[in-house]
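Q: Could we go through how the parts of this model fit together? I have it open now.

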Amino acid sequence: MEHPARPVNVTVNGTSHATEVEPRLLLVHFLRENLGLTGTHVGCDTSQCGACTVHLNGAAVKSCTVLAVQADGAEITTIEGLADGATLHPVQAAFQEEHGLQCGFCTPGMVMTAAYLLETRPDADDEAIKHALEGNLCRCTGYVNIVKAIRTAAQQPR
Amino acid sequence: MHPASFGYEAPASLEEVFGLLRQHGEDAKLLAGGHSLLPAMKLRLTQPEVLIDLGRIPGLSGIRQDGDTLIIGALTTHTEVSASETVRNLLPGLADTASVIGDLQVRNRGTMGGSVAHADPGADLPVTLTALNASFMLTSAEGGRTVAADDFFVDFFTTALEPHEILTAIHIPLPAAPTRTSYAKLPHPASGYVVVSAAAALTLDGSGACTGARVVLGGVGGTPHRATGTETALNGQALTPEVIAAAAERAADGIDPHADSYADEEYKRHMAAVYARRAIEAAAARA
Amino acid sequence: MSTEQSNPNRLIGASIRRVEDPPLLTGQGCYVDDVKLPGILHVAIHRSTHPHARIVSIDTAEAAAMPGVVCVLTGDDTGDLALRAPMLTPEMNMPEHPVLARGTVHAVGAPIAAVVAESRALAEDAAAAIGVTYDSLPVVTDAEAALEDGATLAHEELGTNHCYTMKRENGDVDKAFAEADHVCRLHMKSPRLVAMSMEARGVLAYPDPIRKELTVWMSTQGPHRSRADLANSLGFPENRIHVIAPDVGGGFGSKGCVYREDVLVCHVAQKLGRPVKWMATRSEDFLTTCQGRDQAMTSELALSKDGKMLGLKVRVVANLGAYLHSATAGPPQRMLVMAPGCYQIQDVRVEIVSAFTNTVPTGPYRGAGRPEAVLNIERLADKAARDLGMDPLELRRKNYIQPEQFPYRTGVGVEYDSGDYEKSLDEALRLSDYDQLIRMRDEARERGELVGVGVSTFVEPSGGAGFESGAVRVDRTGAITVLTGSSSHGQGHETVWAQVAADLLKVPMEDVVVRHGDTIAIQQGTGTFGSRSAVMGGGALATAAERLVTKAKAVAANLMEASADDVVQVEGGFAVTGVPERTVTWRQVAGAAHAKGTPAGMDPGLHETAFFDPNREAWGFGAHVALVRIDADTGELTIEKLVLVDDIGVVLNPMVVEAQVHGGLAQGLGEALCEEMVFDEDGQPRTGTLMDYAVPRASTMPPLIIGETETPNPFNPLGVKGVGEAGTNGAPPAVANAVMDALSPLGIDHIDMPYTAPKLWRAIREARKG
């Protein structure tokens with residue numbers, strides 16, 4: 001059964017978008033399909049893997065478990081909006097420096113979770129970093145260099 | 001995975017919600033944080049006709065102390081609970097519980113009320129809230145009623161909530177005497193849900209003797225399980241290691257846990273005692 | 001392992017940061033699902049909920065009438081369109097593998113009908129509306145049970161569950177066993193594992209009916225082989241198919257073959273004349289992507305009383321699942337070449353028997369038969385030592401192939417290139433402070449704690465399975481391009497091949513661009529799997545670069561009016577020996593090579609290609625040490641220390657190599673600690689989502705110490721051996737041996753992985769009950 005589209009007004013990476021969407025559209029599909037922001041990935045169907053993590057009003061959330069209509073009025077930051085122009089965010093830079101990514105598929109979610117963590121807990125130690133990553137799966141790196149990268153980023157002056 | 005199509009309502013007041021509930025009846029489901037409902041809808045395990053999003057209704061979230069009661073709005077997120085100084089100071093066991101639900105992103109969206117109303121037998125909060133003797137404010141067009149946690153959780157995914165009611169707040173009594181709270185959890189290695197968990201709330205007198213104990217197990221049945229044998233064994237006792245160990249041994253009395261692909265019944269029974277002991281020890285160790 | 005540059009003058013051996021990273025870190029990667037084409041259609045598939053059943057009826061009428069649905073296909077529409085696997089033996093049994101079920105389904109998840117619709121959501125709506133009625137058939141899920149007389153048949157049509165048997169025998173095995181003082185016996189099973197690449201499988205096909213072309217974006221580890229397989233299945237010319245592997249989100253072996261959905265999507269696209277895409281959901285990936293391991297091994301090791309290994313018998317029973325993918329039958333054969341490990345055992349008999357069951361097909365998954373073989377011999381070595389009352393290290397040392405014996409022909413008839421197993425073990429013991437570990441263990445044991453130390457020393461073959469191609473091209477302006485048949489999906493080839501090429505050509509790395517993953521751009525290729533790319537892709541690249549330098553010297557000599565013999569490489573170009581001021585740059589040489597500047601008789605241009613096949617595998621080796629503690633109250637296993645020493649010959653980029661060790665290790669620990677795909681006796685998957693199937697998380701990883709020794713491979717131009725599977729091969733047996741050491745006071749001598757807390761708790765409890 002078809003259901004009427006609903007208006008959605010959101011600001012994504014600083015740009016506002018006013019549009020209408022089907023109620024069932026998930027935020028991740030809205031970002032990927034409607035806005036063409038394909039850096040946010042879908043890695044599972046049970047809200048486990050974290051590849052779809054974005055910032056919704058400043059909080060890291062799994063965009064596969066949020067309806068686009070729920071985000072009406074929100075400010076969203078995706079991986080595409082994290083760097084300051086050509087200057088990588090300290091977490092992005094640290095991921096390259098510490099080789100915290102291999103295939104890159106989990107990376108946007110990892111980086112967004114890490115950036116949120118360091119906003120909320122700049123002093124996070126290894127244990128806090130690992131706890132914060134419980135909702136982000138990686139199959140390539142064994143997490144070793146991801147944790148190292150986040151630690152490195154935490155030590156950058158901001 | 002895409003959920004089946006549904007209609008969406010975003011009422012701005014409880015009155016509107018009551019009207020929508022009347023209109024749609026059982027075809028409608030209430031949406032809070034969505035972290036129980038949306039995953040089930042994506043797998044098409046549930047296909048509601050209409051979602052009523054409670055997220056635009058003012059006044060449903062927040063944490064405040066009202067005399068000897070802590071009141072937590074139903075839409076308060078797990079992150080807000082675990083980070084709350086008030087909760088950390090008064091009920092550290094609740095803060096600890098909120099901090100081990102799901103994962104960081106889930107805690108940023110998932111809500112207290114959503115978790116309680118969903119009544120997943122693998123959820124954390126029902127266990128701790130039962131130990132804390134919480135009661136739930138259920139609001140309807142006709143008014144409201146409060147139901148104690150002991151009576152609220154009826155069975156797997158089943159609560160005392162009537163279809164026309166909304167869980168709006170959680171009330172937790174703050175006893176005059178010092179009460180120590182804790183939560184110990186054996187998480188499933190894949191889902192992070194509870195395999196077995198235990199929450200303890202121990203009230204102590206000036207001498208350190210336990211004057212009131214509530215010890216509740218999770219994961220061992222359809223609802224949180226009061227380990228009454230354990231509670232009895234603690235009451236009136238100084239919390240020595242021997243007393244705690246003996247009391248914890250009784251935690252599995254009368255439980256009938258279900259085996260799953262990870263843990264069999266016997267293991268869960270044993271873990272009930274182990275985690276009850278860990279929860280009691282952790283509570284007893286709190287300053 | 002140092003991550004610093006060891007020789008400041010060379011790029012090979014330097015921990016260069018990856019050039020792949022900036023797009024992947026900023027959301028600018030391009031995976032299959034990110035490719036946008038106008039007019040694209042989406043496929044969703046209705047799959048069997050039964051592990052074995054005859055299909056009585058399929059009702060597609062409602063689905064076909066739903067909004068946005070373009071068409072619905074069943075096996076009647078796709079007919080003979082099927083996957084084909086190679087025949088490995090003339091007697092091999094091969095079940096039908098149609099892209100959509102025809103009459104019968106043999107596993108949960110087998111595709112029955114496909115919906116093509118204007119959006120993925122609409123396709124899923126319609127797929128859910130398809131009704132199938134089944135007539136259930138009996139089910140078999142266990143390979144050993146499937147091979148018993150009178151066993152339930154996984155495929156009634158086939159009349160047997162047997163797929164193939166292979167044997168290899170050397171020496172006089174019966175005599176060795178007859179003369180033995182002791183025979184150590186062990187039966188073990190390796191758990192079935194899910195590759196779980198973070199990007200599930202996906203395919204997008206774009207037909208061009210006018211030009212009779214087909215462009216296919218696939219999440220694949222080998223675009224050229226995929227192209228050939230698609231051509232064979234579709235009956236469409238290989239030279240009209242263009243396969244592109246864009247950014248690929250991991251594979252771990254599981255994306256090395258073509259799947260039914262790949263063929264189906266190409267077929268539908270050609271039929272409709274529109275681009276068509278299918279992306280697996282995670283649930284579909286769990287049900288359809290080749291899974292790993294699931295082998296049962298029954299072994300006997302004959303020994304003298306002083307611990308000399310005299311003979312070995314191994315029988316492998318491999319669970320192939322319900323259907324044969326092109327690589328499904330491969331992994332069990334690893335035992336044929338690996339059974340004796342790093343030991344001098346010449347009297348060896350190996351038998352591989354493989355069986356069909358009503359489960360997801362198996363196939364290569366990181367290690368692909370190596371972890372099973374290492375586990376087998378390393379558990380045997382430990383158990384033998386325990387049987388004989390010997391130190392497990394002493395028993396190993398007594399039987400190692402010695403450094404002066406290389407190249408060494410083993411008891412299964414393969415030649416190991418190089419090795420120094422004692423050196424590797426000694427380094428691991430040094431790094432682990434082994435004597436202290438043993439003291440700690442003994443003290444803990446006195447206190448009644450369950451603490452154990454385990455070692456595995458192992459060999460691992462890499463770089464086989466055919467050839468690899470590499471080309472180096474210098475264009476008119478001196479710009480350098482490397483074209484490689486290896487197909488990186490996280491391994492860092494864009495960085496490492498640029499390092500190698502720049503090093504060999506003596507140019508800045510920034511001047512080199514690496515291309516891969518495209519069947520039009522790249523000459524030919526085999527792909528990236530089985531730890532092969534450093535050996536094979538690197539070997540091809542080094543060979544091509546050498547040829548290129550030889551030709552460039554001739555052109556340079558022509559330009560400088562010198563003899564080619566007097567031309568030497570200098571930074572950025574060439575010079576004449578003894579006349580350092582006479583130099584030409586690569587740009588000048590390239591310009592000349594494209595403008596009649598080549599010497600008489602030499603072709604113009606500056607583009608050399610090599611197809612490289614050393615006709616042998618490279619045999620890396622290592623020693624891993626684990627210290628574990630088990631909480632007897634909960635069964636919870638904690639790895640307190642893990643030391644990994646790997647010898648992979650020359651290291652091209654230490655940072656990348658170390659990260660490969662980390663990744664392999666994590667998957668190895670997944671096998672040891674938590675991962676297992678379980679089917680119940682009715683054939684239903686019980687761990688078919690990430691809610692049930694546990695993969696390692698950040699908190700799973702134990703403290704690590706990583707070391708290396710370097711024994712160059714004499715049969716490779718770069719001296720390298722593979723590393724991608726080192727952690728998967730060596731670490732699980734070290735953990736297994738440590739767990740069995742911890743449980744030895746209870747009289748427990750073997751438990752199969754994974755060592756979940758409930759499993760260990762039960763074993764401890766039963767042992768204590770007596």
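Q: Let's begin with chains C and A: how many residues does the contact take from each of them?
A: Bearing in mind that this is a predicted model, the contact takes 40 residues from chain C and 45 residues from chain A.

Q: And on the chain C side, which elements give two or more residues?
A: The elements of chain C that do so are helix 1 (21-25), helix 9 (282-288) and helix 18 (654-673).

Q: Which of them gives the most?
A: That is helix 18 of chain C, which puts six residues into the side that touches chain A.

Q: How does that side divide into nonpolar, polar and charged residues?
A: On the side of chain C that touches chain A there are 17 nonpolar and 15 polar residues, together with eight charged ones.

Q: Moving on to chain B, how many of its residues are in contact with chain C?
A: Chain B has 14 residues in contact with chain C, and these meet 20 residues of chain C.

Q: What classes are those on the chain B side?
A: The side of chain B that touches chain C is made up of nine nonpolar residues, three polar residues and two charged residues.

Q: Now within chain C, what are the domains?
A: Chain C is divided into domain 1 (32-137 + 196-288), domain 2 (367-463 + 617-769) and domain 3 (465-612).

Q: Where do domains 1 and 2 of chain C touch, in terms of residues from each?
A: Their contact takes nine residues from domain 1 of chain C and ten residues from domain 2 of chain C, and on the domain 1 side these are five nonpolar, three polar and one charged. The C-alpha centres of these two domains of chain C lie 38 Å apart.

Notes: Residues are numbered from 1 along each chain as its sequence is written. Chains are lettered from A and ligands numbered from 1 in the order in which they are written. This is a predicted model: local features need pLDDT of at least 70, side-chain atom pairs count only at pLDDT 80 or more; totals for chains, interfaces and linings use all residues. Domain bounds come from an automatic or database domain assignment. Two residues are in contact if their C-beta atoms, placed from the backbone, lie within 7 Å. Ala, Val, Leu, Ile, Met, Phe, Trp, Tyr, Cys and Pro count as nonpolar, Asp, Glu, Lys and Arg as charged, and the others, Gly among them, as polar. Helices (H or I, at least four residues) and strands (E, at least two) are DSSP runs, numbered from the N terminus.
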